[in-house]
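Visitor: Please choose a single part of the molecule shown below and explain it closely. I should be grateful if each technical term were defined when it is introduced.

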Amino acid sequence: MKFRDLGAQYQVLKKDIDAGILSVIESSDFILGKPVSELENKLAEYVGRKYCVACGNGTDALQLALMVWGIGPGDAVFTSDFTYFASAGSASILGATPVLVDIDLDTFNISPEALEKAIIRTLEEGKLIPKVIVPVDLFGQPADYGKILPIAEKYGLKVLEDGAQGFGGNIKGKRACSFGDMSTTSFFPAKPLGCYGDGGAIFTDDAEEDARLRSLRAQGKSPVDKYDNREIGMNSRLDTLQAAILLPKFKAFVEHELDDVNRVAAWYTGRLAEHFVTPKVPAGFLSSWAQYTILLKNREERDAMQKHLKEQGIPSMVYYPRGLHQQEAYKWMGLKDALYPNTLEATNRVLSLPMHPYMKQEDVDRVCQALLEK
Ligand SMILES: *Cc1c(COP(=O)(O)O)cnc(C)c1O
């Protein structure tokens with residue numbers, strides 16, 4: 001059994017993906033070719049933003065958005081402590097300081113209450129200027145924007161949605177990658193919408209931000225003269241091949257994969273809810289199930305369960321084994337465990353199960369059987 005079976009998806013979409021790849025090779029238009037702008041337009045329309053700018057990966061997408069806002073030394077960027085490193089690293093690399101915030105254990109997303117406390121603490125300390133909140137749509141579920149956006153408004157902060165795992169989710173029909181001032185996503189192969197290499201995108205409703213992003217992803221070039229560089233940018237373009245692969249994958253995602261993955265999640269929850277803490281999707285929220293993550297009683301039981309599953313040939317993952325405040329790269333900040341009780345609880349107890357839209361009910365049954373017999 002595969003944790004995320006990209007091969008099964010390829011077998012279904014092979015004809016269209018192969019044709020797309022061939023036509024790019026025949027066109028010799030390898031970087032930012034026509035399929036890239038076609039993809040940008042389709043994704044912007046789907047998420048409900050005016051503009052989409054494709055780039056090299058989801059980490060660059062975050063960095064490019066922060067660059068547009070001029071984020072740098074002395075600025076505080078608030079993000080979740082329980083996420084992939086890029087949510088914070090993208091601020092650090094610009095010289096800004098990530099302020100790491102504890103999560104809600106129910107959703108694994110940033111806690112709005114802890115967020116407001118962290119903003120107040122930062123203002124009181126007076127060393128950093130609060131600038132941006134980067135909420136993460138972890139495991140496919142949008143963060144609690146109903147509470148986060150008013151906090152941003154109250155303190156005059158920008159909101160950059162890290163939708164790397166959230167693409168396809170929604171809150172009352174409003175789609176992930178449309179919340180806050182700008183949003184980003186990643187096309188890393190294992191994400192809800194993945195390509196066959198690295199890729200990412202930024203979404204905005206602002207024409208000036210769109211133009212700056214297009215310039216910054218190509219060395220800060222002028223929109224009229226490619227060899228007139230107006231500022232220092234990055235080299236972060238999307239390969240045309242990746243866009244040609246993403247187009248049929250996006251079609252399948254919209255037509256059935258998002259429904260399929262929600263059906264798989266419902267099978268899991270139906271079998272497991274009485275025996276484990278299963279994922280909670282609050283009323284009005286839809287998850288795109290980047291991960292299906294249960295909580296076991298404690299670290300010992302989690303580790304024993306992972307070992308037991310492995311012996312049955314069932315892969316599982318611990319997303320994430322430590323909080324960002326525990327990363328070696330952030331040791332210098334001297335952040336105390338006591339600020340992150342829910343992150344710590346999650347790191348000790350989480351276990352992500354095999355999950356993808358091509359999973360059959362008998363596969364889910366096999367995983368559940370193995371979990372329940374232990
Ligand atoms: C994967 C991921 C990223 C980074 O995306 P890449 O394409 O791997 O650079 C950023 N944030 C989160 C939450 C992610 O899961």
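**Where the two domains meet**

Guide: Between domain 1 and domain 2, 21 residue pairs are in polar contact, with both residues at pLDDT 80 or more. A polar contact is a pair of N or O atoms within 3.5 Å; within protein, one atom must be able to donate a hydrogen and the other to accept it, and residues adjacent in sequence count only if both atoms are side-chain atoms. The model is a predicted one, in which local features need pLDDT of at least 70 and side-chain atom pairs count only at pLDDT 80 or more, while totals for chains, interfaces and linings use all residues. Residues are numbered from 1 along each chain as its sequence is written, and side-chain values use heavy atoms, with hydrogens and water left out.

Several structural elements take part on one side of this boundary. α1 (6-27), α4 (86-92), β3 (97-101) and β6 each supply at least two residues of the side of domain 1 that touches domain 2. Such helices (H or I, at least four residues) and strands (E, at least two) are DSSP runs, numbered from the N terminus.

The division itself places residues 6-248 in domain 1 and residues 256-373 in domain 2; bounds of this kind come from an automatic or database domain assignment. The C-alpha centres of the two domains lie 24 Å apart. Across the boundary, 42 residues of domain 1 are in contact with 36 residues of domain 2, where contact means heavy atoms within 4.5 Å. Together the domains bury about 3100 Å², 62% of it on carbon and sulfur atoms. Buried area is the accessible area (1.4 Å probe) that two parts lose on being put together, summed over both. The count of salt bridges between the domains is zero, a salt bridge being a side-chain nitrogen of Lys or Arg within 4 Å of a carboxyl oxygen of Asp or Glu.

Let us now turn to the loops beside β6. G168 is placed in the loop between β5 (158-162) and β6 (170-171). Because its relative accessibility is 3%, G168 counts as buried; buried means under 20% relative accessible area, exposed over 50%, and partly exposed in between (1.4 Å probe, protein chains only). Leaving out residues up to four places away in sequence, G168 touches Y46, A176, F253, L258, L286 and S288. W289 is 121 residues from G168 along the chain, yet their C-alpha atoms are separated by 9.0 Å.

K172 is located in the loop between β6 and β7 (174-175). With a relative accessible area of 75%, K172 is exposed. Its phi is positive, about 45°, although K172 is not a glycine.

The loop between α1 and α2 (34-47) holds L32. Phi of L32 is likewise positive, near 50°, in a residue other than glycine. L32 is partly exposed, at a relative accessible area of 30%.

One residue within the bounds of domain 2 also deserves attention. H356 belongs to the loop between β12 (350-353) and α11 (361-373). H356 counts as buried, since its relative accessibility is 5%. Apart from neighbours within four places in sequence, H356 is in contact with K2, F3, R4, D5, V261 and V264.
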